[in-house]
Amino acid sequence: MTRKHIDRTFTTAPMMEWSDRHCRYFWRQLTRHAVLYTEMVTTGALIHGNRERFLEYNELEHPVALQLGGSNPEALGQCARFAEEWGYDEVNLNVGCPSDRVQNNMIGACLMAHPQLVADCVKAMKDSTSIDVTVKHRIGIDDQDSYEQLRDFVGTVADAGCETFIVHARKAILQGLSPKENREIPPLQYDTVFRLKQEFPQLEILINGGITTHEQIAELMPHVDGVMLGREAYHNPSVLAEVDQRYYSATSEHSESPAAIDKAAIVRSLYPYIEQQLSKGATLHHISRHTLGLFNGQPGARLYRRHLSEQAPKRTSGVEVLEQALALMGY
């Protein structure tokens, strides 16, 4: 099988309870080219749980990457095979999540203390699949935060065959800070990621953490191969409307500025998908909640959010509730 090239100039971050398949389908109405990452799925959930529930997605989501959480090479190899069988374009190993729950299962950022184990995991994944295997990690953890330790971690994992590293430009503090605090309190150190790229020019290095605007991205891009946007893409999805034009030289009906796009048309483009999902037992809220930030800053945006928050969770709610919400904004 010929490996498909993935252009990771712009990617969206894996975000628990946010970047689910409904969210990704919505984002695809705004950008055709950004690489979209799933929420983290643990190896145990895939091996012992409802695999279809965790792996199902819409073909429109491509290019789409599955993020795995785990530390057992054999299990990760098995799950990498699942990713390829289901048609994912990439499989990514989470070495960045700082939550207590995942630490207790040897998942996430705590693995940075075990570079050889991460290398063994990557090798097992690469041996099991022909799709790209990538790693998302922090710049350090706790007191293991020197540049030399980061360099050695990346070098060890690269020796196992990983060619793409997505680097959250903060260290993680594993004891005493919540996941939210770990996204805000440790200072951003973009220069550390730039230095990594200088030292490993042959590797693909993406930068993540604290990125909110295209102007900021323009300052970062000369130093790295791509950017990953997390919470800003979720809270302010209009930012995705410029992605295809800015980073992929692509023209589409949504390649103008966020002010110029027809946001009501974006919402209405979801209706066939929503009808399909409702017929499968979903509620409107499962899908509409991801659109709440689309109209940020516009008159009536609060009315839109309130109407959906109150009405969409009801079992009987359909696309008419979205039409009512749009009407409250004058559409």
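1. How many positive and how many negative side chains does the protein chain have, and how far apart do the centres of the two sets lie? The tally is 33 positive and 42 negative, and the two centres sit 5 Å apart. Keep in mind throughout that this is a predicted model.

2. On to the overall build. The protein chain holds 17 helices and 8 strands. Its radius of gyration is 20 Å, close to the 20 Å that the globule rule gives for 331 residues, so the chain is as compact as a globular protein of that length. If you want a feel for the dimensions, the C-alpha trace spans about 55 × 45 × 45 Å along its principal axes.

3. Next, inside versus outside. Of the 331 residues in the protein chain, 55% are buried. The chain exposes about 14000 Å², and 48% of that comes from carbon and sulfur atoms. As for how the chain folds back on itself, take the contacts with a separation of 6 or more: 72% of them are between residues 24 or more positions apart.

4. The core deserves its own point. The largest nonpolar core has 105 residues, and the ones with the most contacts inside it are Phe-10, Trp-27, Phe-165, Ile-207 and Tyr-304. Helix H7 (residues 147-159) gives the largest share of this core, with 6 residues. As background, nonpolar side chains in soluble globular proteins tend to be buried together.

5. What does Tyr-304 touch, not counting residues up to four places away in sequence? The list is Val-267, Thr-291, Leu-292, Phe-295, Leu-322, Ala-325, Leu-326 and Met-329.

6. Tyr-271 is worth viewing alongside that one. Tyr-271 is found in helix H14 (residues 271-279) and counts as buried, because its relative accessibility is 14% and the cut-off for buried is under 20%. Leaving out residues up to four places away in sequence, Tyr-271 touches Val-319, Leu-322, Glu-323 and Leu-326. Leu-322 and Leu-326 are also among the residues that Tyr-304 touches. Gly-318 is 47 residues from Tyr-271 in sequence, yet the two C-alpha atoms are 9.0 Å apart in space.

7. Is Val-135 buried or exposed? Buried, at 0% relative accessibility. Val-135 lies in strand S5. Setting aside its neighbours within four places in sequence, Val-135 is in contact with Asn-92, Leu-93, Val-95, Val-122, Val-157, Cys-162, Thr-164, Phe-165 and Ile-166. Phe-165, in that list, is one of the core residues with the most contacts. Pro-14 is 121 residues away from Val-135 in sequence and 12 Å away in space, C-alpha to C-alpha.

8. A polar side chain for contrast: Thr-192 lies in helix H9 (residues 190-199). Thr-192 is buried, with a relative accessible area of 16%. Beyond its neighbours within four places in sequence, Thr-192 is in contact with Ile-139, Tyr-147 and Leu-150. Helix H7 covers residues 147-159, for anyone tracing those partners.

9. Out on the surface, have a look at Arg-53. Its place is in helix H3 (residues 51-55), and it counts as exposed, because its relative accessibility is 58% and exposed means over 50%. Arg-53 and Thr-213 are 160 residues apart in sequence and 33 Å apart in space, C-alpha to C-alpha.

10. Some backbone details to check by eye. A cis peptide bond joins His-62 and Pro-63, with omega at about -5°. Pro-63 lies in the loop between H3 and strand S3 (64-69).

11. Which sign does phi take in Glu-17 and in Asp-142? Phi of Glu-17 is near 70°, a positive value in a residue other than glycine. Phi of Asp-142 is positive as well, near 45°. Glu-17 has its place in the loop between strand S1 (10-12) and helix H1 (21-28) and counts as exposed at 58% relative accessibility. Asp-142 is in the loop between strand S5 (132-138) and H7, and at 27% relative accessibility Asp-142 counts as partly exposed.

Technical notes: Residues numbered from 1 in each chain as written. Predicted model: local features only at pLDDT ≥ 70, side-chain atom pairs only at ≥ 80, totals over all residues. Heavy atoms only, no water. Helix = DSSP H or I, 4+ residues; strand = E, 2+ residues; numbered from the N terminus. Rg over C-alpha atoms; globule rule 2.2 N^0.38 Å. Buried < 20%, exposed > 50% of the residue type's maximum accessible area, 1.4 Å probe, protein only. Contact = heavy atoms within 4.5 Å. Areas by Shrake-Rupley, 256 points an atom, 1.4 Å probe, with all protein chains shown as cover. Lys, Arg positive; Asp, Glu negative; His and termini not counted. Charge placed at Lys NZ, Arg CZ, Asp CG, Glu CD. Core = buried A, V, L, I, M, F, W, Y, C linked by side-chain atoms within 4.5 Å.
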